[in-house]
Amino acid sequence: MDGNAAGEGDDNVDWNTEDELEVENYAASSCSSLTPPSVDAASGSVEASSLAGTSHSKLFCEFVGMGFSEKLVTKAIDEIGEGNPNAILESLLTYKVLENSPQEQDIDESTVVKEEVVDSDHSSSDYEGSFLNDFSDEDSYSESEEVINPSSEENKLSFLTDMGYTVEEASIAIERCGPDASVAELADFICAAQMSKEADALLGPEEKPRLFTKHKKRKHSDCDTWSKKRRGEKKLLRGDEEPIRLPNPMVGFGVPTESSAIVHRTLPEAAIGPPYFYYENVALAPKGVWDTISRFLYDVEPEFVDSKYFCATARKRGYVHNLPINNRFPLLPLPPHTIHEALPMTRKWWPSWDTRTKLNCLQTCIGSAKLTERIRKALEHHDSESEPPLRIQKYVLDECRKWNLVWVGRNKLAPLEPDEVEMLLGFPKNHTRGGGISRTDRYKSLGNSFQVDTVAYHLSVLKDLFPAGLNLLSLFSGIGGAEVALHRLGIPLKNVVSVEISEVNRNIMRSWWEQTNQKGSLIHIGDVQQLNGDRIEQLMNSFGGFDLIVGGSPCNNLAGSNRHSRDGLEGKESSLFYDYFRILDLVKCIMSKGQ
DNA sequence: CGCAATATGATATCAATC
DNA sequence: GATTGATATCATATTGCG
C-alpha cells in the first residue's frame, strides 16, 4: 500500500514494518474526497490523544478504502492515534484475534500487541490465497501452530471455531468478507447468516443483509421496495438507512403508569435463551447505532423507555433483551414521580413560572457555582415582588433544564447533591458514599448508571422463573444497578460474575454486596477484554451456566453531551459493545451445546 | 498528584413554518 | 417537502488549588 495515496505527501512515514503486512488491491472507493493522510512528521512521538479526536480523517478514509470496516478503523485510530499508521494497520489486522490470550501483563511498546506476534515471513498476500484454496480439506488445518499470527486465516478460523462456529461457517465468512476482514466482522457475518436463515424463505440469498461497509455499490430503490414488500415495516438492507425510530411517547413495551402496553412479541429464533440477556445504552445515539446494535443482538427490536415514567427524572434509554414482557410489575414502594415529591424542600422556593415537574437526564457532571451565581444576579436585577421578564425566565429555565438545577432559596438555584441523585436513580442512600470515593467520582459513577426502578420493571418477570435465584453475568457493572434491581425485586443472587474496569465502582459494589448480606459469591473481573472463552467456560462449569447476562456498554462516544469524541459505536469506549456481543454469543454457544 | 471547578458544541428529534 | 427553531443529552480537556 505504500505508494498510492501516501505518495502525495507523507513519504516521511515508514509504512513498511518488519511485519510486512501488505494489503493489496487498495481501492479508495468509499472515500469521496481522497487526500493524503495528514500524518505528523514526528510520527511516533505524537501523543495519541491529541489527534484521536478528529472523527473522519483522511487516514480513516484510507483504511476504509482498503476494505477495513469503519468501526474497526475508528477503533484502531482512537487507540493508537494518527501518528503511527503502521501500528494502526497492525492493530486492524490483529484486533480481536489476540483476545484469545488470557493475560495481558506486559504491554510493550507496540501498543496493540499483547501477545507474542511472530509472523512475518508469510506476508499475507500470497499466503492467504493459497490457504483459502486449499482449505476444502479440513484436515489440513493443524493445531500445532502455537504461534499466534493474527493476520493469518488460521487464527481467525480457530478463533471463530472457539467461539462455537463451525469450520464451514468460518471459512465461508472468510471467503465472503475477504482476507482482511477482522474477526469481529467475520463473527458478525456468521451471526447475520444464522439470523437470516428464517428470512431465506422470504428473501433470496443475494438479498441478505449486508452488514459490512464494504458494499461496493448501493442497491437502491429496486431492492428497497422489493424488500419492503416482503418484509413490510422492516427493511434489512444497510446503506440506505432506515433507522430505528424512537417511539413517542417513549414507553417501550409498556410502563406501569400507562395503559397501552404490548403484552406479546415474537422474538427471532436466534435470540431465544438461555441465557436471558439485557443490554442497555443511550436512546439518542448517532444515526445507525441502534440498527447495528440490534443486528448484532440477534435482530431483537430495542425497547426504548424514558425513566420519567418510573421516577422523577428522565432517562431515555434503549434496552435490547429477550425477556418475557407480560406480567411485569414495578418495584415497591413506588418512587416519587415529581420533583416536588422527590425534593420537598425545593417546593418553597419554586417559582410558578418554572413549570418543570420532572428532572432531565442525570449526567456525570454538575452545574458550576459560577453559573448559579450568574443566574442569581440575573434574577436579582428586577423587582423582587414581580415575576422576572420573560427573557430572564427563558434564560434561567434553559440553564435549569441543561444542568438540572433545583430551587434551594430565593433566586437561588443549585445542582443536585450526590445522595439526591442516588435516591432519584433508585439506589440506597449512601450507596456511593465513603470508602475513599470523591464527590466527583460519585457524580460520575451515578451518571453512568441504570435507573433501578426502570430496569427492575423489566427484570421483574424473572422472579417467577428463578424462585431459587439466578446466576448473573454482569458486564460493565458500574455501581451494580442490575444487582440492586434484582435484589430489590427479591430475586436471590447465587453467583455473580461482575466485570467492571473502575476500581472505585468495584469497591462500591463489593461494599453493597457485603452490607446486604448476600449469600452468593461475587467474582470481580477488571477488563472485559480479558474475559475469553476459556475463562467463561471455566466459570460456567463451576456453577452451571449463566441465567442472565446484563450489560450497559460505555455510552461516552454516543452521548450527545460529549463534545470531544462522539465517534459513535466505533469510539474507543463505546466499541466495547462488541465485547458484550462476543461474550454473550460465547455463553449462548456454550449453553446451547448442552453442557 | 488528586480533586474540584470551569468552559467547551455537536447531533438528533420534533414541531412549527415556509 | 425543505427550512428553521426549540429542546435534550450515562462527557472531556484544561486549569487552578491544596
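## Exercises: DNA strand B and Ser 307

In this predicted model, a polar side-chain atom of Thr 440 sits 2.4 Å from a phosphate oxygen of DNA strand B.

**Exercise 1.** Find which atoms of DNA strand B pair with Asn 562 and with Arg 566.

*Solution.*
- Step 1: Take Asn 562. One of its backbone N or O atoms lies 3.0 Å from a base nitrogen of DNA strand B.
- Step 2: Take Arg 566. A side-chain N or O atom of Arg 566 is 2.9 Å from a sugar or linking oxygen of DNA strand B.

**Exercise 2.** Describe the protein surface near DNA strand B.

*Solution.*
- Step 1: Count the residues. There are 19 around DNA strand B; Ala 369, Lys 370, Thr 440, Gly 560 and Arg 566 come nearest.
- Step 2: Look at the DNA side. Of the atoms of DNA strand B within 4 Å of the protein, 48% belong to sugar and phosphate.
- Step 3: Assign helices. H12 (369-380) and H15 (439-447) each supply at least two residues. H12 gives the most, with three.
- Step 4: Sort by character. Five residues are nonpolar, seven polar and seven charged.

**Exercise 3.** Decide whether Ser 307 is buried or exposed, and list its contacts.

*Solution.*
- Step 1: Locate Ser 307. The loop between strand S2 (303-306) and strand S3 (316-321) holds this residue.
- Step 2: Apply the cut-off. Buried means under 20% relative accessible area. Ser 307 has 0% relative accessibility, so Ser 307 counts as buried.
- Step 3: List the contacts. Leaving out residues up to four places away in sequence, Ser 307 touches Thr 313, Ala 314, Arg 315, Gln 451 and Thr 454.

Definitions and conventions
Residues numbered from 1 in each chain as written. Chains lettered and ligands numbered in written order. Predicted model: local features only at pLDDT ≥ 70, side-chain atom pairs only at ≥ 80, totals over all residues. Heavy atoms only, no water. Helix = DSSP H or I, 4+ residues; strand = E, 2+ residues; numbered from the N terminus. Buried < 20%, exposed > 50% of the residue type's maximum accessible area, 1.4 Å probe, protein only. Contact = heavy atoms within 4.5 Å. Near = heavy atom within 4 Å. Polar contact = N/O pair within 3.5 Å; in protein donor to acceptor, adjacent residues only side chain to side chain. Nonpolar A, V, L, I, M, F, W, Y, C, P; charged D, E, K, R; others polar.
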